[in-house]
Amino acid sequence: MSVTKLEKRNKYFFGLGTVGRDMFYAFESNALLYYLSNVLSLPVGVFAAASMVLTVLRVLDALNDPITGLIIDNIKSPWGKYKPPMLIGAVTSSVFFLILFADFRLTNYWFVVVFGLAYILWDITYGVNDIAYWSMLPSLTMEQKKRENMGAFARICANVGMFAIMVAWEPVTSAMGNTPRGWFIVAVAVTVAMLGFQCFTLLGVKEDRTRFKAEESTSLRQMFSVLFKNDQLMWTTLSMALFMVGYCTTTGFAMYYMQYVFGDKGMYAILAAVVGVSQLAALAVFPAFSKKHSRRQLYTFATALLTAGYVVFFFAEASIYLIAAAGVIVFVGQAFIQLLMLMFLADTIEYGQWKLGKRNDSITFSIQPLINKIGGALSTGIISVTLVICGIKTGDTAAEAIDAAGQMTLKMSMLAIPLVMIIVGYFIYRAKYRIDEKMYAQMVDDLKARGDIKE
């Protein structure tokens with residue numbers, strides 16, 4: 001597998017572009033709910049309303065993502081179709097992100113209105129950036145192994161950003177007094193990183209815009225055909241959605257688990273560092289494993305690892321070493337599955353082009369943020385309800401401790417429910433997904449013979 005100088009350049013500049021993006025997204029997805037529940041002095045009713053806003057708006061905005069993908073697919077500009085929306089989405093989402101973490105000193109239902117408007121606008125504009133960014137990947141190479149290599153490096157960069165903020169946010173905000181002002185300063189730093197790292201992709205990636213034949217604009221009606229007539233995309237969507245709901249629920253509970261089950265929230269940063277290094281190591285070795293094993297074998301292996309890790313985690317609260325070991329097992333498996341699903345989704349672009357006669361990168365890749373938002377929305381709902389049932393969110397303050405029944409409820413919501421979802425998603429993949437290495441190679445050969453892809 002020879003790699004050209006341009007492919008090597010694109011691999012690094014594309015991957016580096018997401019370091020700050022994933023810091024940005026991880027701070028919102030992992031810390032925003034904690035900010036609402038444990039930093040702002042919100043009455044329990046206002047907190048519940050704000051949490052419901054997060055849940056409902058994420059689901060509603062997820063339905064907007066295919067429209068965003070349609071708009072991006074129809075862009076024709078001197079800078080290509082990916083970079084303009086990537087830039088616009090990065091700048092506008094940064095503005096609304098800062099509003100989310102600004103303290104307007106509202107503790108009544110006006111807080112819910114301001115927060116809800118800022119959140120939906122952040123979600124929409126970040127989605128523009130996210131869809132444009134990831135739908136660029138399949139256009140950079142048509143070879144599966146090269147695509148896996150580029151995707152693995154991009155996921156490594158994404159996880160460097162994600163785990164940097166997951167490790168840092170608790171000790172940094174605590175050192176700054178755990179005040180709204182301290183949290184806002186951290187949000188500003190994360191925003192600067194987001195914009196800075198995006199410049200690597202915007203200025204460094206060079207696309208080959210002659211690789212694919214020119215396509216006519218896609219209509220709104222055709223968009224539904226792109227999505228619903230691509231059966232492999234639909235099964236991938238269902239499998240990914242179940243996985244993401246489970247994964248987001250588990251990670252969203254992590255701080256609460258360390259504070260209320262293990263009993264020391266200060267260990268959260270250490271746990272995040274351990275699992276972060278494990279996940280990065282897993283992504284680094286993935287290309288070597290993929291040379292010797294099929295994607296189906298790797299998915300089976302990763303699901304078995306996850307299952308073992310969840311079982312250990314359920315009984316591990318007495319020992320930080322057992323918790324760390326379980327976290328390592330879970331996140332190694334998770335890293336493999338996350339990258340595999342990115343590749344499954346990318347391959348459905350060629351499948352859709354092969355089956356339907358039209359290539360729609362961004363509409364197809366709009367499924368990824370749609371799934372992430374639904375996963376985040378449903379996990380937020382599960383977490384919020386669990387916090388109230390367990391007695392963590394009481395009145396205008398967060399409880400210092402919860403009883404044994406509350407701890408068991410938290411563990412069931414964090415570990416048992418997500419594991420069931422992940423396993424169901426795996427069996428759907430095994431039963432319905434059929435784009436293996438042989439079928440993909442045949443599709444590409446057919447597309448080249450039809451003139452849809454240039455040699």
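In which helix is F97 found? The legends below answer this and describe further close-up views of a predicted model.

**View 1. Surroundings of F97 in helix α5.** F97 belongs to α5, the helix that spans residues 83-100. The residue counts as buried because its relative accessibility is 0%, under the 20% limit for that class. Leaving aside residues up to four places away in sequence, F97 is in contact with F24, F27, E28, W122, A187, V190 and T191.

**View 2. F97 and I329.** These two residues lie 232 positions apart along the chain. A distance of 33 Å separates the C-alpha atom of F97 from that of I329.

**View 3. A nonpolar surface patch formed with residues of α4 and α9.** I67, I71, L220, F224 and F228 together make a nonpolar patch of about 490 Å² on the surface. Helices α4 (65-73) and α9 (220-228) each provide at least two of the patch residues, and the largest share, 3 residues, is contributed by α9.

**View 4. I67 within the patch.** I67 is located in helix α4 and is a member of the nonpolar patch. Its relative accessible area is 31%, so I67 is classed as partly exposed, a class that lies between the buried limit of 20% and the exposed limit of 50%.

**View 5. Helix α11 and its kink.** Helix α11 comprises 25 residues, from 268 to 292. From the first C-alpha to the last, α11 reaches 36 Å, close to the expected 36 Å. The helix nevertheless contains a kink of about 40° at F286. The proline P287 follows shortly after this kink.

Conventions. Residues numbered from 1 in each chain as written. Predicted model: local features only at pLDDT ≥ 70, side-chain atom pairs only at ≥ 80, totals over all residues. Heavy atoms only, no water. Helix = DSSP H or I, 4+ residues; strand = E, 2+ residues; numbered from the N terminus. Expected span 1.5 Å × (residues − 1). Bend = angle between axes of the 7 residues up to and from the residue. Patch = residues over 30% accessible without salt bridge, like charges linked within 9 Å, V, L, I, M, F, W, Y side chains within 5 Å. Areas by Shrake-Rupley, 256 points an atom, 1.4 Å probe, with all protein chains shown as cover. Salt bridge = Lys/Arg side-chain N within 4 Å of Asp/Glu carboxyl O. Buried < 20%, exposed > 50% of the residue type's maximum accessible area, 1.4 Å probe, protein only. Contact = heavy atoms within 4.5 Å.
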